[in-house]
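Please find below a colleague's note on the structure shown here. The points are numbered for ease of reply.

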Amino acid sequence: MEGLQNRPCGGRYGDIVEAIGNTPLVELKRLSPKPGVRIYAKLESYNPTGSVKDRVARGLIEDAESRGAIGPGQTILEPTSGNTGISLAMICQRKGYPLKVVMPDNVTAERTQLLTMYGAEIVYSPGAQGSNGAVALALEMAEADASYYMPYQYGNSANPDAHYNGTALEILDELDEVTAFVAGLGTGGTLMGNGRRFKEHDPETTIVAAEPLQGELVQGLRSLDDGFIPPIIDLSLIDRKIFVSNRDAVVWTKKLLEQEGLFLGVSTGAIAAIATRIAGELDEGNVVFVSPDDGWKYLSSGVYTKPIDQLEAEGVLDSASFW
Amino acid sequence: MSNVKIPPVLRPSTGGEREVAADGENVGEVLRALAAAHPATENQLFGEDGALNRYVNVYLNDEDVRVLNGLDTAVKAEDTLVILPAMAGGA
């Protein structure tokens with residue numbers, strides 16, 4: 001259309017839930033270590049509540065509706081470290097389902113505020129047990145009270161399917177070839193759904209998991225039996241699995257801001273660190289990574305405003321939960 | 001000797017040590033050497049079938065050995081192994 005300078009425009013939608021997805025894919029020219037290798041970030045912060053989890057939450061709820069597993073007024077219960085809860089809260093409010101989220105008590109204040117704004121009820125689990133603690137508590141609550149419906153993003157194929165049928169197709173619509181795909185390993189949904197689609201498109205695509213190296217204070221397990229592997233994860237789909245310390249994640253979060261003008265969440269810093277490393281191992285090709293969210297929800301942690309040494313001295317890197 | 005970093009959950013089994021030096025040509029040998037020096041770690045690291053316990057992740061220079069060659073992954077003397085419990089990620 002004459003006058004429209006950018007393709008595509010944002011689209012027209014019947015309501016905010018329909019507006020989920022179709023996020024921009026942005027090249028990071030300054031971070032690319034070689035001229036023949038392009039690095040692209042899929043900016044999921046452009047979703048309505050600001051994270052990739054809008055896709056997952058919509059998938060989880062629409063899956064339950066289509067199976068007749070939930071009806072009007074049904075209370076939804078879900079463990080989350082924040083973003084899934086916020087996305088579910090918006091969607092449940094729009095659709096009239098009361099929502100209860102179980103979340104570690106050491107997440108930033110912004111996450112609590114957003115959940116409260118959208119009308120969710122919050123149940124806190126011990127922060128030292130990280131997401132494992134939230135999962136365990138939510139499973140206990142669901143077992144004790146059959147009136148809850150728990151979508152359970154860690155074990156529900158609607159989670160990876162939201163990427164298989166959404167994120168990955170959007171990326172392939174823009175790029176003919178994905179040499180390597182990098183995503184954070186949380187529930188495994190982003191890696192599994194995109195990984196499966198990219199491997200079908202080209203079996204040579206390298207699927208890379210960037211994993212958080214939790215600060216020691218967040219590794220408060222009583223024993224290894226408290227360990228947890230999300231049931232949706234199929235390790236055979238993953239070619240590389242690399243951990244990133246909180247320190248490196250913050251360093252790269254600042255680098256994205258300073259060199260590319262991108263104000264993104266701390267997990268994106270970790271994923272960008274690995275994407276750049278993989279790019280350095282290639283001679284040519286496209287490296288694509290998913291940026292789960294932007295920086296607004298983490299401002300109060302000080303990571304964008306304080307120098308890295310100060311954050312380390314204050315113990316922020318060891319005790320905070322950024323994923 | 002390779003350097004093995006011990007997570008908080010396993011430190012009661014290594015007398016509180018955070019890092020332990022252990023010898024071996026591959027990941028399995030290094031972990032067996034660790035278990036020989038600190039027998040309380042053996043049942044936690046290995047299952048009855050001798051495979052790596054399901055909830056133990058071992059990283060060679062920050063890459064998960066499960067997607068490399070598992071316990072057969074070759075180790076050089078200057079390498080660092082990190083043992084971590086499997087933790088749920090989030091959001």
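1. From the N terminus on, chain B follows the order β-β-α-α-β-β-β, that is, two helices and five strands. Helices (H or I, at least four residues) and strands (E, at least two) are DSSP runs, numbered from the N terminus. The radius of gyration of chain B is 12 Å, close to the 12 Å that the globule rule gives for 91 residues, so chain B is as compact as a globular protein of that length. The radius is taken over C-alpha atoms, and the rule is 2.2 Å times the number of residues to the power 0.38.

2. The model is predicted: local features need pLDDT of at least 70 and side-chain atom pairs count only at pLDDT 80 or more, whereas totals for chains, interfaces and linings use all residues. Residues are numbered from 1 along each chain as its sequence is written, and chains are lettered from A and ligands numbered from 1 in the order in which they are written.

3. Of the 91 residues in chain B, 36% are buried (20 or more other C-beta atoms within 10 Å of the residue's own, against 12 or fewer for exposed and values in between for partly exposed, with C-beta atoms placed from the backbone). Among the contacts in chain B with a separation of 6 or more, 48% link residues 24 or more positions apart; a contact requires C-beta atoms, placed from the backbone, within 7 Å.

4. Strand S1 (residues 2–5) of chain B has alternating side chains: Ser2(B) and Val4(B) are buried on one face, while Asn3(B) and Lys5(B) point to the other and are not buried. S1(B) runs antiparallel to strand S2 (residues 19–22) of chain B, with four bridges, and Val4(B) has Val20(B) as its bridge partner there. S1(B) also runs parallel to strand S5 (residues 80–85) of chain B through three bridges, with Lys5(B) opposite Val82(B). Strands pair if DSSP finds at least two bridges between them.

5. Which elements of chain B give two or more residues to the side that touches chain A? In the interface, 21 residues of chain B are in contact with 37 residues of chain A. The elements in question are strand S3 (56–60) and strand S4 (63–64) of chain B. The chain B side divides into twelve nonpolar, four polar and five charged residues. Here Ala, Val, Leu, Ile, Met, Phe, Trp, Tyr, Cys and Pro count as nonpolar, Asp, Glu, Lys and Arg as charged, and the others, Gly among them, as polar.

Terms used: Two residues are in contact if their C-beta atoms, placed from the backbone, lie within 7 Å.
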